[in-house]
Amino acid sequence: MTEQTTHYLRGRLQLELGNFKLESGEFNLPMQGVTVLFGRSGSGKSTLLRAISGLDKNTRGELSFGDELWQRGKKSLATQKRHIGFVFQDAALFPHMTVRQNLLYGVKRLPKGIEAADFDEIVGRVGIADKLDRGVNFLSGGEKQRVAIARALLLRPQILCMDEPLSALDWRSKAEMLTLIEELVAAYQIPVLYITHAPAEVERLAQNIVFMKAGRIERVESLQEALSRADSPLFDDEGAVSVLQGRIESEERGLHPVVFGENRLWLSEASTADKKTVRVRVLAKDVSLSLSDPEHLSIINHLSAKILELIPEKKHRMLVRLQLNDGQKLFAEITQFSAERLGLEVGQELFALIKSVALTE
Amino acid sequence: MTEQTTHYLRGRLQLELGNFKLESGEFNLPMQGVTVLFGRSGSGKSTLLRAISGLDKNTRGELSFGDELWQRGKKSLATQKRHIGFVFQDAALFPHMTVRQNLLYGVKRLPKGIEAADFDEIVGRVGIADKLDRGVNFLSGGEKQRVAIARALLLRPQILCMDEPLSALDWRSKAEMLTLIEELVAAYQIPVLYITHAPAEVERLAQNIVFMKAGRIERVESLQEALSRADSPLFDDEGAVSVLQGRIESEERGLHPVVFGENRLWLSEASTADKKTVRVRVLAKDVSLSLSDPEHLSIINHLSAKILELIPEKKHRMLVRLQLNDGQKLFAEITQFSAERLGLEVGQELFALIKSVALTE
Amino acid sequence: DTAKIAVAANFTKTIEKIGEAFSQKTGHELKFSFGPTGKLYAQIKNGAPYDAFFGADERRPLKTIDDGTGLKESYFVYAQGQIALYSDKYPVKESPLQVLKEAKFNHLAIANPKTAPYGERAEAFMKSQGVYDAVKAKIVNGESIAHAFQYVATGNAEIGFVALSQLVDPQSPVYEKGQYWIVPQQDYAPIKQGALILKRGANNAAVKAFMEFIKTPAALEIIHSYGYSTP
Amino acid sequence: MVEIFGIAVSMDPIWLTLEVAGWTTLILLLLGTPLAWWMARLQSSSKIVLEALVALPLVLPPTVLGFYLLIILNPNGYVTEFLRLFGFEGQLTFSKTGLIVGSVFYSLPFAVQPLMHAFEAVPQKLLDAAATMRANAFDRFFTIAMPLSQRGFLVAATLTFAHTIGEFGVVLMLGGNVPGETRMVSIDIFDHVESLEYDQAHLLSAMMLIFSLCVLMLVYALNRRFGVKVG
Amino acid sequence: MVEIFGIAVSMDPIWLTLEVAGWTTLILLLLGTPLAWWMARLQSSSKIVLEALVALPLVLPPTVLGFYLLIILNPNGYVTEFLRLFGFEGQLTFSKTGLIVGSVFYSLPFAVQPLMHAFEAVPQKLLDAAATMRANAFDRFFTIAMPLSQRGFLVAATLTFAHTIGEFGVVLMLGGNVPGETRMVSIDIFDHVESLEYDQAHLLSAMMLIFSLCVLMLVYALNRRFGVKVG
Ligand SMILES: Nc1ncnc2c1ncn2[C@@H]1O[C@H](COP(=O)(O)OP(=O)(O)OP(=O)(O)O)[C@@H](O)[C@H]1O
Ligand SMILES: Nc1ncnc2c1ncn2[C@@H]1O[C@H](COP(=O)(O)OP(=O)(O)OP(=O)(O)O)[C@@H](O)[C@H]1O
Ligand code: MOO
Ligand SMILES: [Mg+2]
Ligand SMILES: [Mg+2]
């Protein structure tokens with residue numbers, strides 16, 4: 001678990017597929033943590049990722065990773081020489097091999113001098129140690145994805161590409177896998193390029209977000225930047241979301257305190273992994289506002305905050321942008337009726353209430 | 001839109017598929033409103049529905065619908081004579097026909113004396129009037145399901161069978177389709193047998209629920225019965241849920257008041273259809289409790305309630321079963337820490353707080 | 001009248017020529033079916049609608065009489081095949097037996113002695129001249145005499161026993177190429193090709209007329225011109 | 001008789017070949033379709049036996065197949081007797097009928113195999129959907145299974161047609177090589193070869209090749225362009 | 001010579017047939033695999049032309065194909081000359097080699113078509129996945145595409161084998177019917193028919209049929225049981 005220097009993936013790529021034209025525009029992405037490709041269906045996320053991986057022979061343009069040249073014009077470095085790992089949406093396990101054979105496929109092909117990751121460790125961590133000798137057709141969807149991830153990780157790739165690795169899974173497997181990916185990324189410090197439609201996955205994993213639209217990279221933002229815009233495409237689904245970062249402290253009365261500045265949030269669930277900082281995802285519609293610090297109320301998370309902005313939304317709703325006293329921002333979504341009733345104004349000091357049980361790490 | 005007398009679907013069915021054995025046990029289902037088949041993956045829901053439809057030749061047992069005999073021993077009435085409609089998970093549109101041809105396929109085959117439903121009305125209501133002459137391969141997933149539903153409705157079936165009609169859709173199409181199905185069921189008064197994994201769909205649509213487990217019908221309950229059990233299988237996913245029924249009144253300040261007994265809930269979204277009663281789905285984790293009626297709070301739904309039961313749950317949580325003053329039941333999920341802090345006891349009177357924006361009809 | 005006549009493949013061109021002359025003269029129409037004699041026999045045995053049968057030997061036409069399909073009294077020998085040794089590499093004209101004895105060639109083509117009389121006679125001739133053992137390993141068998149000829153004509157076999165008729169035909173690909181030696185008739189049993197009318201053709205005027213016509217000098221001239229002799 | 005590049009060729013065998021190939025294709029599609037449909041829906045081990053039986057004509061040398069058909073279809077045989085009960089007159093062998101019957105046997109696997117594979121690929125769910133819309137089994141077959149198997153039909157038709165054009169052994173045995181009646185192109189070419197008329201043989205072969213190449217290319221092109229995508 | 005049911009049959013043609021069919025199958029799998037793989041990955045319209053060309057041997061009557069091979073492969077022809085440059089001695093025709101070469105041409109579509117279809121069905125995603133695991137193109141072919149196409153190989157091998165066993169025209173034309181060297185079962189049966197030895201013909205045909213039926217049933221059974229499910 002060494003600290004790695006950050007390489008940049010830079011270039012511009014073109015690729016035509018039938019009527020669709022990918023024309024990325026210049027990009028220069030720091031390969032650190034998870035970089036999410038986000039955009040509507042058909043916006044070209046998968047196409048870009050395949051172009052970056054060298055999987056499509058018709059790719060044109062320029063691409064370099066650190067000081068390795070991967071593409072110049074029509075000339076491109078073969079995929080198998082790019083030291084990348086790839087996890088496909090439907091796992092793409094080899095159906096004629098057992099789990100173990102799938103896992104060792106890439107390991108056997110590593111050039112001399114590059115060592116594979118520790119087999120037992122990866123297999124254990126990913127949770128497939130007891131399934132090594134099964135045929136892959138006898139695995140559930142979640143198990144298949146675990147194998148696919150382990151298979152990629154074993155090669156210690158310089159970049160791990162994941163194209164909607166969770167979208168074929170049911171909610172239970174999805175939740176488990178998300179935790180697993182988060183752990184693995186933290187543990188192995190491998191830069192990840194991650195495609196997803198799901199804002200929850202973005203907020204959980206992303207360091208940077210590449211927004212795509214109609215075959216172009218529209219903009220590249222850090223997660224914090226993306227979340228500070230009220231009109232962020234990330235909010236299309238469940239409404240506005242805030243992500244608070246804080247220090248987790250040890251459990252008290254079944255709750256997990258997370259501290260930021262003078263504020264303290266009580267989480268009812270948290271991973272037991274010994275992390276210092278955690279991200280807490282708060283849906284704006286789970287945040288209520290109170291002018292005074294209420295008593296006799298089951299809601300225990302009362303954060304003092306100041307109104308930064310009042311953003312009227314459609315359907316008679318109001319998005320309230322708050323600043324907590326350590327400087328972090330928090331969105332609250334309430335009805336305009338409530339806003340009027342409470343007489344909210346920019347600059348006003350008040351309390352944001354969040355139910356513990358609505359919070360997940 | 002005539003009132004129909006309720007027929008019963010009764011019998012017991014057996015069917016073996018490889019290692020799997022369906023052995024339904026006796027059932028007697030009132031065919032009224034939506035009857036949901038609910039159960040884990042592999043519990044035999046699809047198999048039962050196919051057996052009921054006569055789609056599997058190896059079905060054995062007894063089945064009758066009203067006074068029509070559909071199955072006795074090995075003898076079974078052919079599917080095409082059962083007057084059922086079927087909507088499959090992946091739409092199962094005929095790829096070599098246009099939308100219109102798909103829609104008219106069944107209509108052309110109706111025996112004399114049975115009239116099809118009004119084509120233009122159904123097509124308009126389902127929202128595919130502008131797509132009639134497209135090839136079905138050029139439709140999105142949601143559009144395909146609309147066509148499949150219209151295709152079944154046109155035949156005015158005695159029972160409409162739907163096997164996970166929404167599960168292949170993204171969240172946006174899912175929400176639209178759910179509203180559509182609800183409307184159609186209300187408008188045409190066709191009894192529906194509906195398979196789903198999603199509690200939200202059950203709570204929205206179901207009149208009765210058939211719980212299946214390992215090839216057997218475990219129990220049949222009305223929605224209210226199913227929701228009154230704290231250990232209901234419906235709560236596996238998002239935790240306990242309450243469904244409140246009330247009378248909707250006309251919009252006030254952008255909010256839709258729903259009245260039950262003396263209580264009044266303000267919904268921020270409601271379908272504009274002129275319905276009298278609506279179902280409001282309340283997640284237990286969206287309900288907070290307050291000993292006094294709080295002021296200066298953005299939460300406007302304050303329902304006075306009495307504690308019926310305190311049910312400790314894992315992860316230091318507490319499920320509180322409340323009775324509203326019109327007799328309806330409501331679950332609230334809070335932390336045990338809060339419960340202790342507030343000193344909650346059975347029989348205590350207090351206020352349940354629900355954010356409007358968290359409520360959907 | 002119209003008649004259908006089954007004819008051994010080796011006689012194809014000759015009989016077509018004769019048929020033309022016959023039709024012109026009499027106005028009868030003839031349809032010839034060509035094939036290996038054994039196959040024609042099998043067809044006749046199984047109900048083929050032929051009115052007459054021209055075989056490549058005597059055995060199989062005579063067998064139709066035993067089967068009850070051939071008319072005994074109509075049987076006659078219509079031609080005698082002559083075999084020739086042909087090569088475009090070896091001096092078969094001057095010293096045929098020497099060439100055979102030395103057997104420097106890779107392949108000697110003959111018709112399959114088992115199924116074709118031309119092959120059987122060629123084999124018997126070589127045995128009688130004491131050269132058979134020398135060439136035995138070099139023999140390749142054509143299914144019919146025509147097939148044996150193709151081996152030679154395409155250069156796959158350097159030497160072969162073929163029918164004289166195939167060498168004297170101006171259309172032949174080896175016409176006036178290479179050299180050949182006509183095996184003296186007294187050195188092998190004559191290849192009598194028998195013909196007869198079949199039951200089906202018993203009352204067919206065209207057949208009757210043709211069987212007569214083929215014995216006329218005009219027809220015999222054509223037969224001889226294609227390298228066959230007649231008894 | 002027409003002249004092409006100064007070479008006289010008879011067009012009769014060409015028309016006959018096209019006619020026989022056309023009928024054979026038609027009949028095999030009509031008979032092969034229900035057989036293939038039935039086989040596609042079989043689950044038991046009898047399916048394996050049937051598949052093997054259908055493939056057998058591939059293994060038998062066509063001449064041998066022709067020989068046995070000749071014996072079985074003989075005008076005094078059981079098959080013909082049986083047909084006579086239904087007022088059938090005439091003969092199965094040595095006629096266009098015979099050629100077609102022979103070709104149907106010979107090309108059976110070329111029709112049934114692609115059809116069976118196409119039918120196996122029709123999603124059960126679509127047939128189920130049709131059943132819920134009051135289509136009975138026949139209706140489902142004609143309105144769903146058949147249109148979705150159009151590629152299979154295209155492949156079956158081409159292979160059958162092409163294979164019948166290239167047919168030789170069976171038609172020679174069964175047909176009897178009667179000019180204008182049962183002499184097909186393949187036999188005609190071979191007769192030309194046998195009677196040393198190589199020019200005609202080359203010309204006819206070239207015509208057949210070019211024609212077939214065009215048909216095949218057309219079919220493969222259609223196949224790629226217009227296949228209905230299922231699923 | 002062995003006696004079966006009191007009928008003397010020579011086993012040589014049987015062994016030879018199996019040997020030639022075996023070699024043909026092996027060679028066609030070796031040559032057909034890269035050809036089929038290449039064709040499967042072609043997108044352009046040249047694919048259609050290639051597909052049609054590969055299917056052509058279906059259309060040509062085998063005897064005609066054999067005749068042209070006889071011309072092309074003759075010992076003075078370009079092909080043989082070319083092979084001589086690489087030290088080839090001997091002759092392509094009248095030898096086991098010749099039979100195998102002919103059969104390879106004849107059965108080409110039976111090997112290439114099933115392989116091509118199998119290769120087309122290998123999911124691109126699995127090949128991509130292998131590429132990301134450092135497998136180069138060859139490696140991907142051998143470790144992913146080939147094992148996933150095993151059904152295609154099975155079908156190709158059986159059809160080729162069966163078709164070569166039933167081969168007649170080409171081997172007859174090309175082989176020279178040398179006992180023990182180029183006389184295959186199909187020719188042997190035919191010779192028995194020609195020389196009216198019907199008992200032997202029946203026995204050999206029955207043996208061939210039963211053997212082939214067993215092989216085909218075995219293959220179709222394997223095909224259903226052990227096919228790897230993809231996807
Ligand atoms: N092989 C192909 N030929 C032609 N068009 C293609 C091909 N592959 C993809 N496309 C088209 O390219 C566009 C972009 O596809 P891409 O898969 O990159 O989108 P995406 O952003 O990954 O979408 P999704 O979220 O649905 O996976 C789509 O319109 C798609 O239809
Ligand atoms: N044709 C078949 N042959 C053998 N087993 C089958 C067949 N079809 C279904 N099964 C098995 O029967 C069981 C019940 O399947 P069924 O599709 O009815 O479940 P389900 O409750 O609808 O599940 P899901 O929610 O995943 O759709 C499963 O274990 C399945 O694997
Ligand atoms: O004329 Mo024959 O019977 O083929 O040698
Ligand atoms: Mg994609
Ligand atoms: Mg199901």
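A polar contact here is a pair of N or O atoms within 3.5 Å, and within protein one of the two must be able to donate a hydrogen and the other to accept it. Keep that in mind for the close-ups below, all of which come from a predicted model.

**View 1. Chain D meets chain E.** Let's begin with the contact between these two chains, to which chain D brings 47 residues and chain E brings 47 residues. Together they bury about 4100 Å², and carbon and sulfur atoms give 76% of that area. The count of salt bridges between chain D and chain E is 0. Polar contacts do occur, with 6 residue pairs of chain D and chain E counted, both partners being at pLDDT 80 or more.

**View 2. The chain D side of that contact.** Which helices of chain D each supply at least two residues to the side that touches chain E? They are α2 (46-59), α3 (62-72), α5 (96-120), α8 (150-165), α10 (185-194) and α11 (198-226). If you want one helix to look for, pick α11(D), which gives the largest share of this side with 13 residues. Sorted by class, the side of chain D that touches chain E holds 35 nonpolar, 8 polar and 4 charged residues.

**View 3. Chain E meets chain C.** Here 28 residues of chain E are in contact with 26 residues of chain C. The two chains bury about 2100 Å² between them, with 55% of it on carbon and sulfur atoms. Three residues to find on the chain E side are Phe94(E), Glu194(E) and Leu196(E), which supply 31% of the area that chain E buries against chain C, more than any other three residues.

**View 4. Polar and charged pairs between chain E and chain C.** How many salt bridges are counted between chain E and chain C? The count is 1, and the partners are Glu197(E) and Lys114(C), with their closest N and O atoms 3.0 Å apart. Across this interface there are also 6 residue pairs in polar contact, both residues of each pair being at pLDDT 80 or more. On the chain E side, α3 (62-72), α9 (169-175) and α10 (185-194) each supply at least two of the residues that touch chain C. Of the side of chain E that touches chain C, α10(E) gives the largest share, 5 residues. By class, that side has 15 nonpolar, 9 polar and 4 charged residues.

**View 5. Ligand 1 with chain A.** This ligand has 13 residues around it, and those that come nearest are Ser41(A), Gly42(A), Lys45(A), Ser46(A) and Thr47(A). Two backbone contacts are worth finding: a polar backbone atom of Ser43(A) is 3.2 Å from an oxygen atom of ligand 1, and a polar backbone atom of Gly44(A) is 2.9 Å from an oxygen atom of ligand 1. A side chain takes part too, with an N or O atom of Ser46(A) 2.6 Å from an oxygen atom of the ligand.

**View 6. Ligand 2 with chain B.** Among the 13 residues around ligand 2, the nearest are Ser41(B), Gly42(B), Lys45(B), Ser46(B) and Thr47(B). Which atom of ligand 2 lies 3.2 Å from a backbone N or O atom of Leu17(B)? It is a nitrogen atom. The backbone of Ser43(B) places an N or O atom 3.3 Å from an oxygen atom of ligand 2. In the side chain of Thr47(B), an N or O atom is 2.4 Å from an oxygen atom of the ligand.

**View 7. Ligand 3 with chain C.** The residues around this ligand are Ala8(C), Ala9(C), Asn10(C), Pro36(C), Thr37(C), Ala56(C), Ala116(C), Ser144(C) and Ile145(C). As a shell they comprise 6 nonpolar, 3 polar and no charged residues. A polar backbone atom of Ala9(C) is 3.2 Å from an oxygen atom of ligand 3. Side-chain contacts come from Asn10(C), with a polar atom 2.7 Å from an oxygen atom of ligand 3, and from Thr37(C), with an N or O atom 2.4 Å from an oxygen atom of ligand 3.

**View 8. Helix α7 of chain C.** Is this helix, residues 145-153, mostly covered or mostly uncovered? It is mostly covered, as 8 of its 9 residues are buried. The buried residues of α7(C) are Ile145(C), Ala146(C), His147(C), Ala148(C), Phe149(C), Gln150(C), Tyr151(C) and Val152(C). Ile145(C) also appears in the previous view, among the residues around ligand 3. After α7(C) comes Gly155(C), whose phi is positive, near 80 degrees.

How values were computed:
Residues are numbered from 1 along each chain as its sequence is written. Chains are lettered from A and ligands numbered from 1 in the order in which they are written. This is a predicted model: local features need pLDDT of at least 70, side-chain atom pairs count only at pLDDT 80 or more; totals for chains, interfaces and linings use all residues. Side-chain values use heavy atoms; hydrogens and water are left out. Contact means heavy atoms within 4.5 Å. Buried area is the accessible area (1.4 Å probe) that two parts lose on being put together, summed over both. A salt bridge is a side-chain nitrogen of Lys or Arg within 4 Å of a carboxyl oxygen of Asp or Glu. Helices (H or I, at least four residues) and strands (E, at least two) are DSSP runs, numbered from the N terminus. Ala, Val, Leu, Ile, Met, Phe, Trp, Tyr, Cys and Pro count as nonpolar, Asp, Glu, Lys and Arg as charged, and the others, Gly among them, as polar. Buried means under 20% relative accessible area, exposed over 50%, partly exposed in between (1.4 Å probe, protein chains only). A residue is near a molecule or strand if one of its heavy atoms lies within 4 Å of it.
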